[in-house]
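Work through the exercises below with the sequence and the 3D structure in view, and try each task before you read its solution.

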Amino acid sequence: MIFVKRNTYRGLSFVVYFFLICSGLNAQKVTINDRISQTPLEGVFISDHQKQVYTTSNSKGQADISQFEHSDSILFQLVGYKVYITSFKDLNASDFKVFLSEETGLMDGIVVSGSKFEESRKDIPRQIQVINSGEMQFASQETTADVLQNTGNVFVQRSQMGGGSPIMRGFEANKVLMVVDGIRMNNAVYRGGHLQNVITLDNSVLERTELLFGPGSVIYGSDALGGVMSFYTKRPVLSGAKGKTFASANAYTRYSTANSEKTGHIDLNIGFNKIASFTSFTYSDFDDLRQGGSRRAAYKDFGKRDFYVERIGGKDSVLNNSNPNIQKQSGYKQYDFLQKILFSPSSRVTHTLNFQYSTSSDIPRYDRLAQFNDKPAYAEWFYGPQKRLLGSYHLDLNEKTAFYDKARVILAYQNIEESRYDRRFNREFRNSRIEKLNIYSLNVDLEKALKKNEFRYGLEVNYNKVGSSAYGESVITGERNSLDTRYPNGGSSMRTVAGYLTHSMELNKKLILSEGVRYSNVELKANFGEKTFFPFPYSDIKQTNGALNGNIGLVFLPEKSWKLSAYGSTGFRSPNVDDLSKVFESVPGNVIVPNPSLKPEYTYNAELSIAKSLFNRIHLEGTAYYTWYTNAITTKFGRFNGQDSILYDGKMSRVQTSVNAGKAYVYGGNITLYAEIIKNVGLSNTFNYTYGRVKTDSSDYPLDHIPPVFGRSSVNVKLKRFRGEFFVLYNGWKRIKNYNLVGEDNIAQATADGMPSWYTLNLRTAIEVNRYLQLQVSVENLLDRNYRIFASGINAPGRNFLVTLRVKV
């Protein structure tokens, strides 16, 4: 009998012991959610301070942290969120639940663009802004150009509604670098004027956007003079468990009144244990844009569209616009598709295939269509469908070896097609110019930590092949004839090979030193082929340029609430095909001809930043910078074959050419404020000032692309199922005396006094109806103010009501 009791006791002990083990194992699985929305967060990086032990959360926001039981502290990091540090004991007390808060945008959080690998923002000595997917979803903007403008730190110019040219620290177009998923978007025909390529990125699938202000040539090479815009699209999500499937879908539809926007989006994720797929499609239909009706008394007719041209009965006819606030012939359509496939055979290796395609309808060039001098200047002027195709393979390795701890290899191919079509009023022939690019690239980036030292190094190879064709076509008979091409009709190419090395080290707990160096070699070839239209004294152009760039930065953290940093860097931009060999009408009556003697542009930048947190509720950061700009490429009046004017497109036009203007400088500053007034209610403010001049023998002359004072102020409310924001966007005056009359400031689009200052009042809300449904209602430009952004050729939207309905399953 005693024997039976003992066996029974042992059996019960085993059951209790087994139950306790299982309970303990279950307790060691942490769940991580967003603090406001309560939704699970996938991809949270969990580690100890030395990153010797680490894991990531799955699609349910869960991770096994049993390996951290003896760690002194546990860090939870996710881009766009504040770093959360706790202990295993405290996790146990909170039932192993973690809630992460969105970052304030100053010292907290982690970023990728600074070095191409994850690092804490407080360790970086330069100005960076992160826009996460939650912010973009709440903003519910029509295009990625609108997303950038909404930050209050990026100035965006527009020549038509289907566009948006970002300006960072006074640099625009081919002097600002755009990168998507680690791949350069800037190509050999990115021009120095205004670009609209950023709208080919669908903001519906962006996981985050990182804005790196100032020269970024050490990490990114040519073109990164004013800054780098790094866009990261959403990744496929694995199920996180063998034999299980994770499926999710998101969809939304949006309507905007200012341009009768009708947008629909759907994306689908299907994830298994080791392989996952993410598919997305977005369609947008924009009608003609209505501008604001409330004008200044001094400019009561500014921007009114009184006429438009239609071809009726085989004849160009000028028609009266019944509502001059409707900017006729500005609407367009756009289609965006993305497909990603992720395969992760182990936690150390990830393979990703990335396919992106964007195209549009014809996009009217509104500023040209609105030109009128006794009669309309043009009957037609539009960009053909803007096509961007990207295919890439990404290999990510996460394993400590003698040469790296993390490694990333990206092979990519891009196919770009751009076209321009114009026909002057009452002319029979339409001019058609088409550019096609094939772009191949290889990026290898590696990271290695040795004690207190972190090394990052890599290689980049990039090759652009440009084909340019043109023809004239009769709108009556369809007959085609020869026409001069925008770029050399014999073809052009551009090749870049570069290598870089960066290093950072904690000198002590308060000082962080970072430095880096990069060498780039750029070769360009252009063949003019047939010389019927322009008998240049040369048949081809060939250039080879080398550039050595460096940077050095120091971060001082006197205490947790302070950050002081100093940063010095150099940047360069090698002349591309557009700089060296294009022939086109820059503004009516002026034509640009090639200059094969162009040299690379260089910048030398110094900046100081200071950031302070008060009571963990108020966060203030200020940055001041000075950029010395040498060999600046700009346009000047010149001669061709000894003549100051030539016959172009049927009329005499003054000759302009791109030249290295010698020396210029840009300086300015940024102030950013975030403050939590009371729980769940916050204030934010940005303010930007930029000043730029070209050095001359007499007096300094305004540098083009320099925006007026601009910024953004807002009040935010964040509750469990509700979010609201009231905000003001504003611009100061751009006076005539500060315009560059031969550059890209578009003086013809301004008033007689320049571009007036303006502000808009705006309100947006989002309500979580239930776990599946969200309703967003916004009103932009509440006062229906009429205004135009500096250097733009189209007026901004008037009062605009937006309704967005989102579904998530």
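Helices (H or I, at least four residues) and strands (E, at least two) are DSSP runs, numbered from the N terminus. The model is a predicted one, in which local features need pLDDT of at least 70 and side-chain atom pairs count only at pLDDT 80 or more, whereas totals for chains, interfaces and linings use all residues. Residues are numbered from 1 along each chain as its sequence is written, and side-chain values use heavy atoms, with hydrogens and water left out.

**Exercise 1.** Find how many cavities of 30 Å³ or more the structure holds, and describe the largest cavity.

Step 1. On a 1 Å grid over the protein atoms alone, a cavity is a set of points where a 1.4 Å probe fits but cannot get out, and lining residues have an atom within 4 Å of a point.

Step 2. The structure has 13 such cavities of 30 Å³ or more, and the largest encloses about 530 Å³ (the space filled by probe spheres set on the points, which are joined across faces, edges and corners).

Step 3. This largest cavity is lined by 33 residues, of which Asp146, Gln149, Arg158, Glu780 and Pro797 are the closest to its centre.

Step 4. The largest share of that lining, three residues, is supplied by β54.

**Exercise 2.** Which elements each supply at least two residues of the lining of the second largest cavity?

Step 1. The second largest cavity has a volume of about 230 Å³, and among its 20 lining residues Lys175, Gly192, Ile633, Thr634 and Asp704 are the closest to its centre.

Step 2. The elements sought are α7 (577-581) and β44 (633-637), and β44 gives the largest share, three residues.

How values were computed:
1 Å grid on protein atoms, 1.4 Å probe; cavity = no way out; pocket = protein on both sides within 12 Å on 5 of 7 lines; lining within 4 Å.
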